[in-house]
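Subject: Structure for you to look at

Hello,

Here is the structure I said I would pass on. Please have it open while you read the notes underneath.

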Amino acid sequence: MRTLLTNFRNFAFSGSLVDLAVGLAIGAAFATVVESLVGDVILPLVAAVFGQPDFTALVLTVNGSQIRYGSFLTALVSFLLLALTIMFLVQAIRRATGRETAGAQGNRECDHCKSFIPVDASVCMFCTRDVEPIVP
């Protein structure tokens, strides 16, 4: 029983799990902000151009059955605006933090321990041996 509790404690409080929890919490808060930006700022701009903020009133009736393609169009426009807004925000954050120009991208396998490390690494972060950087 003690081994089980020790294993659980090591798992629950390992750095990667805590980092994942923090990333998830920040991601949820970021999603709320972006959804508000799209719903409260950008969609009203769309409403100013098209005359209405959503297209849910658009319905096609075939043999007494309603096909609500307007709801689909509203969801599609909302999704595209959300994705576009996230793309612009991530690009702005990368430019502001300088991460966009930070070194080479990608991973390679360490010759010694076979762990994956960045291609521009000069020391393996796992076995701490010197490795020759590969710069594409």
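**Arg108 and its surroundings**

The side chain of Arg108 comes to 2.8 Å from the backbone oxygen of Glu132. This is a polar contact, defined as a pair of N or O atoms within 3.5 Å, where within protein one must be able to donate a hydrogen and the other to accept it, and where residues adjacent in sequence count only if both atoms are side-chain atoms.

Before going further, the basis: this is a predicted model, in which local features need pLDDT of at least 70 and side-chain atom pairs count only at pLDDT 80 or more, while totals for chains, interfaces and linings use all residues. Residues are numbered from 1 along each chain as its sequence is written, and side-chain values use heavy atoms, with hydrogens and water left out.

Arg108 sits in strand S3, residues 107-109. Helices (H or I, at least four residues) and strands (E, at least two) are DSSP runs, numbered from the N terminus. Arg108 is buried but has no salt bridge. Buried means under 20% relative accessible area, exposed means over 50%, and partly exposed is in between (1.4 Å probe, protein chains only). A salt bridge is a side-chain nitrogen of Lys or Arg within 4 Å of a carboxyl oxygen of Asp or Glu. For Arg108, the nearest side chain of opposite charge is Asp111, at 5.0 Å. In this count Lys and Arg are positive and Asp and Glu negative; His and the chain ends are not counted.

**The salt bridge**

How many salt bridges does a search of the whole structure find? It finds one. The partners are Glu109 and Lys114, and their closest N and O atoms are 3.9 Å apart. In general, side chains of opposite charge can pair when their charged atoms come close. Glu109 counts as partly exposed because its relative accessibility is 37%. Lys114 is also partly exposed, at 48%.

**Two positive phi angles**

Lys114 has a second feature: a positive phi of about 65°, although it is not a glycine. Lys114 lies in the loop between S3 and strand S4 (116-118). Asn63 is not a glycine either, and has a positive phi of about 50°. Asn63 is in the loop between S1 and strand S2 (65-67), and it counts as exposed because its relative accessibility is 81%. For context, most residues other than glycine have a negative phi, and most peptide bonds are trans.

**The nonpolar patch**

Which residues make the nonpolar surface patch of about 820 Å²? They are Leu60, Val62, Ile67, Tyr69, Phe72, Leu73, Leu76, Phe79 and Leu80. Patches are made of residues with over 30% relative accessible area and no salt bridge; like charges are joined within 9 Å, and nonpolar side chains (Val, Leu, Ile, Met, Phe, Trp, Tyr) within 5 Å. Accessible areas come from the Shrake-Rupley method with a 1.4 Å probe, and for residues only the protein chains shown count as cover.

Strand S1 (60-62) and helix H3 (69-97) each supply at least two residues of the patch. H3 gives the most, with six. Leu80 is found in H3 and is partly exposed, since its relative accessible area is 48%.

**The annotated regions**

The UniProt record, an unreviewed entry, carries the annotation "transmembrane region" for residues 12-34 and 69-90. UniProt positions are in the numbering used here, feature names are shortened, and annotations may be inferred rather than shown by experiment. In the model, residues 69-90 are 100% helix and 0% strand, and the end C-alpha atoms of that span lie 31 Å apart.

**Some distances along the chain**

Asn7 is in helix H1 (residues 2-12), and its C-alpha atom is separated by 45 Å from that of Ala75, 68 residues away along the chain. Leu4 is found in H1 as well; at 57% relative accessibility it counts as exposed. The C-alpha atoms of Leu4 and Leu24, 20 residues apart along the chain, are separated by 26 Å.

Ser36 is in helix H2 (residues 15-50). From C-alpha to C-alpha, Ser36 is 42 Å from Leu5, with their positions 31 residues apart in sequence. Cys113 is found in the loop between S3 and S4, and is 33 Å from Met1 in the C-alpha distance.

Regards
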